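Subject: Structure handover

Hi there,

Here is the structure I promised to pass on to you. Please open it alongside this message, and my notes on what turned up follow just below.

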Amino acid sequence: MILIRYKRVTSTNDKARVLAEDGAREWTVVVSEVQTQGRGRSGKKWQSHKGGLWFSVILRPKISSGRVAVLQFFASNATRKAIMEETGLETETKWPNDVIFETRKIAGILVESKSQDNQLSFIIVGIGLNVNQSKSTLPVGATSIYATSREKHNVEQLMTRIVENMKSDYALLKTPNRILKNWWTDCIHRSKNVEIQTTNGIRNGISRGIEADGSLLIKQNGRTEHIMEGTLIVWKEQNPPQSNFRAKS
Ligand code: BT5
């Protein structure tokens with residue numbers, strides 16, 4: 001791992017992109033204490049005050065560009081495992097890119113990539129984890145490791161653990177079934193009734209699985225639908241629990 005540290009940047013994903021364009025090696029990592037323009041998906045803001053972990057990893061996996069979305073599940077698994085190893089907290093996943101602790105968002109992942117002539121040039125995996133921030137500085141619906149456990153943690157140690165976990169799962173990216181399965185097993189809305197806000201309106205159904213293109217499968221009136229993008233806003237208990245996991249390899 002080549003680590004580049006900053007005190008303040010616009011976004012670690014921006015810095016990583018410039019480095020990747022310049023040919024930076026895989027596993028180059030950019031971390032910053034503060035981000036002034038931290039981003040989420042579709043232009044959403046990511047609040048990045050001091051005390052959190054904000055970093056980006058440059059990867060160049062040999063996968064097709066249609067599989068880039070798997071990286072968000074891959075990064076989420078590595079992050080959750082690291083949280084467990086370092087703090088003992090058990091977190092859950094929420095489609096497409098959230099890590100949740102007791103219904104609150106504790107981490108988010110932003111995957112960006114560049115392809116040329118259908119060939120993937122690089123992927124930037126941006127991870128934001130709320131670590132030592134107190135509750136009053138967090139956005140509504142968010143939590144941090146400190147806010148839940150009252151314990152402060154070493155931000156860089158957590159980061160190193162996440163990167164190590166990514167390295168040990170890296171070979172799985174070629175046949176991502178296990179990555180998808182791990183993610184789905186601890187999904188907070190697994191087999192539950194969900195509501196998703198998409199650019200084409202609200203969709204409802206029972207969430208049934210995820211696929212390697214990043215989509216969420218929902219079932220409504222016997223019909224299965226692939227939701228490609230959106231924000232999952234509601235999940236409710238649904239009976240009986242089903243464990244239908246589907247993944248294309
Ligand atoms: C995400 O987007 O969850 C992806 C966040 C990725 C952040 C990392 S930090 C390092 C790298 N550099 C960047 O610039 N980004 C990455 P999305 O699913 O679109 O969620 C965005 C929403 O999360 C916002 O609209 C808020 O509602 C909420 N949010 C903002 N800041 C938060 C925080 N610190 N903790 C929890 N939720 C937050």
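Let me begin at the ligand: one of its oxygen atoms has a backbone N or O atom of arginine 41 at a distance of 2.8 Å. Please keep in mind throughout that this is a predicted model.

Two side chains belong to the same part of the story. Lysine 105 places a polar side-chain atom 2.7 Å from an oxygen atom of the ligand. With asparagine 130, the partner on the ligand is a nitrogen atom, 2.8 Å from an N or O atom of the side chain. Taken as a whole, the ligand is surrounded by 26 residues, and the closest are Ser11, Arg39, Arg41, Lys105 and Asn130.

Next, the helix packing, where α2 (residues 70–87) has two partners to look at.

The partner I looked at first is α5 (residues 177–185), whose axis comes within 9 Å of that of α2, with a crossing of roughly 60 degrees. That angle makes α2 oblique to α5, and the crossing is left-handed. On the α2 side you will find Val70, Phe73, Phe74, Ser76 and Asn77, and these meet Ile179, Leu180, Asn182 and Trp183 of α5. Sorted by class, this contact has 6 nonpolar and 3 polar residues, with no charged ones.

The other partner is α4 (residues 155–169), which packs against α2 at an angle of about 130 degrees with the axes 8 Å apart. Here too the angle makes α2 oblique to the other helix, α4, but this crossing is right-handed. From α2, the contact draws on Phe74, Ala78, Thr79, Lys81, Ala82, Ile83, Glu85 and Glu86. From α4, it draws on Gln157, Leu158, Arg161, Ile162, Asn165, Met166 and Asp169. The residues of this contact divide into 7 nonpolar, 3 polar and 5 charged. Phe74 is worth clicking on, since it appears in the contact with α5 and again in the contact with α4.

Finally, two backbone details in loops. The peptide bond from tryptophan 95 to proline 96 is cis, with omega near 0 degrees; proline 96 sits in the loop between β4 (92–94) and β5 (98–101). In the loop that links β2 (28–35) and β3 (53–59) you will come across serine 42. Its phi is near 45 degrees, which is a positive value in a residue other than glycine.

Happy browsing, and do write back with any questions.

Best wishes

Technical notes. Residues numbered from 1 in each chain as written. Predicted model: local features only at pLDDT ≥ 70, side-chain atom pairs only at ≥ 80, totals over all residues. Heavy atoms only, no water. Axes fitted to C-alpha atoms, helices over the stretch in contact; angles between N-to-C directions. Helix = DSSP H or I, 4+ residues; strand = E, 2+ residues; numbered from the N terminus. Parallel < 35°, antiparallel > 145°, perpendicular 65-115°, else oblique. Left-handed = near helix turned anticlockwise from the far one by under 90°. Contact = heavy atoms within 4.5 Å. Nonpolar A, V, L, I, M, F, W, Y, C, P; charged D, E, K, R; others polar. Near = heavy atom within 4 Å. Polar contact = N/O pair within 3.5 Å; in protein donor to acceptor, adjacent residues only side chain to side chain.
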